[in-house]
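Good morning, colleagues. Please have the sequence and the structure open while I speak.

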Amino acid sequence: MAVTVLVPHEIGVSALAHLDGVSAVHYRHGVLPPGAEAARVLIPDFPAGAGTVALAHRLPELGLVQLLTSTAEGWVGALPEGVLLSHARGAHGDGVAEWVLGALIALYRDFAVFARARQERRWTTRPTDTLYGKRVLIVGAGDLAHALTRALTPFRTSVTLVARTARAGVRPVGELPALLPHHDIVVLAVPATARTRRLADARMLARMPDGAILVNVSAGPVVDTEALVAELSSQRLRAALDVTDPEPLPPDHPLWGAPGLFLTPHVAGTGSHSTSRAYAVAAAQIERFLTGRIPDNLVSAR
């Protein structure tokens, strides 16, 4: 008898077609089609709201929730006992790294300034800075950090990785305060946990040198928004944010008008091929689960 896997997109049905003994069933907006109660695997849509998390509690045979995102925010600790959780690490690193490059180049080359001048029909010439040769500190040493390191290579940047556990090529997080003043760019690429909440607080931001850029592509709560707004308002630091706290931003939030900010609405990992890449990773994780092996991307309770 085929094992039922619930998928939120039609592409998911074809993406899992090669798995023996699997019946991929398409569902929409948390509505279960007939027979879906027997599902062993649930692939949630993204972004997942409370209704999607609640869906997992309506599936008595559920054994695995396989995410299409590389983060598990909102899922850790929210599943029925015994249900495994796996993310899509490896699917989005290159796409997010591309976003980081684009954001940094836009900030350094003053693209927003030139775009405003064009709208005002002003031929304004001015010198700009460049990404070339900058010192980059990446907080996190996972798939995204390594993808970004590769992407930065043509720009002759120096890259330092920092993570909770020191290893070859990775500095321990305890050295972060001493490293911050010596880097032009700080990229936050860490999972959203209680440990990383407001990691970039006022004290951390104050240790960054004048003119430095903070990049957040992890989760909004990793940054103390009030402290960042203060630094941007003083024009001492600049920032590139794809995630915010709160998210989405209310219309009257001060981040909208903050100077020196490159801001996008959580789209860094949603390129034209991101869904197909995510399903390829999901298929490999599901195959491991259904053959009695632990998924490579298993998320532990934190």
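I shall describe the strand pairings, then one helix, and then the ring contacts of this model.

Before anything else, please note that the model is predicted.

Let me begin with the strands. Five strands make up an open sheet, in the order E2-E1-E3-E4-E5, and their pairing is parallel. At the edges stand strand E2 (22-26) and strand E5 (84-86), each of which pairs on one side only. Within this sheet, strand E3 (residues 41-42) and strand E4 (residues 64-66) run parallel and are joined by two bridges. Valine 65 of E4 is the residue that stands opposite leucine 42.

I turn now to strand E6. Is this strand mostly covered or mostly open? Strand E6 covers residues 135-139, and four of its five residues are buried, which makes it mostly covered. Strand E7 (residues 158-163) runs parallel to E6 and is joined to it by five bridges. One position to inspect is leucine 137, whose bridge partner in E7 is threonine 160. Between these two strands the chain passes through helix H5 (residues 143-152), and the resulting β-α-β crossover is right-handed. E6 also pairs with strand E9 (residues 185-188): the two run parallel, with four bridges between them. Here valine 136 has isoleucine 185 of E9 as its bridge partner.

Later in the chain there is another parallel arrangement to examine. Strand E10 (residues 213-216) and strand E11 (residues 238-241) are joined by four bridges and run parallel. Isoleucine 213 stands opposite arginine 238 of E11. The connection from E10 to E11 goes through helix H8 (residues 225-233), and this β-α-β crossover is right-handed. E11 is in turn joined to E12 by three bridges, again in parallel. Leucine 241 has its bridge partner, leucine 263, in E12.

The next subject is helix H3. What span should its 16 residues have, and what does the model show? At 1.5 Å a residue the expected span is 22 Å, and the end C-alpha atoms lie 22 Å apart, so the two values agree. Of the 16 residues, 12 are buried, and H3 is therefore largely enclosed by the rest of the structure. Among the buried residues are Gly93, Val96, Trp99, Leu104 and Tyr108. After H3 comes aspartate 110, which has a positive phi, near 55°.

Two of the residues just named, tryptophan 99 and tyrosine 108, bring us to the ring contacts. How many aromatic pairs does the model contain? The count is one. The partners are tryptophan 99 and phenylalanine 262, in an edge-to-face arrangement with 5.7 Å from centre to centre and 70° between the planes. This pair links distant parts of the chain, since tryptophan 99 belongs to helix H3 (residues 93-108) and phenylalanine 262 to strand E12 (residues 261-263), 163 residues apart. Are the two partners buried or exposed? Tryptophan 99 has a relative accessible area of 12% and is therefore buried. Phenylalanine 262 has a relative accessible area of 25%, so it counts as partly exposed.

Finally, tyrosine 108 takes part in a contact with a charged group: the charged end of lysine 134 sits over its ring, 4.7 Å from the ring centre.

To close, I would draw your attention once more to the pair of tryptophan 99 and phenylalanine 262, which joins helix H3 to strand E12.

Methods
Residues are numbered from 1 along each chain as its sequence is written. This is a predicted model: local features need pLDDT of at least 70, side-chain atom pairs count only at pLDDT 80 or more; totals for chains, interfaces and linings use all residues. Side-chain values use heavy atoms; hydrogens and water are left out. Rings of Phe, Tyr and Trp (its six-membered ring) pair if their centres lie within 6.5 Å; planes under 30 degrees apart count as stacked, over 60 as edge-to-face and the rest as tilted. Buried means under 20% relative accessible area, exposed over 50%, partly exposed in between (1.4 Å probe, protein chains only). A charge sits over a ring if NZ of Lys or CZ of Arg is within 6 Å of the ring centre and within 35 degrees of the ring normal. The expected span of a helix is 1.5 Å times one less than its number of residues. Two strands pair if DSSP finds at least two bridges between them. A crossover is right-handed if, with the strands pointing away from the viewer, the path from the first strand over the helix to the second runs clockwise.
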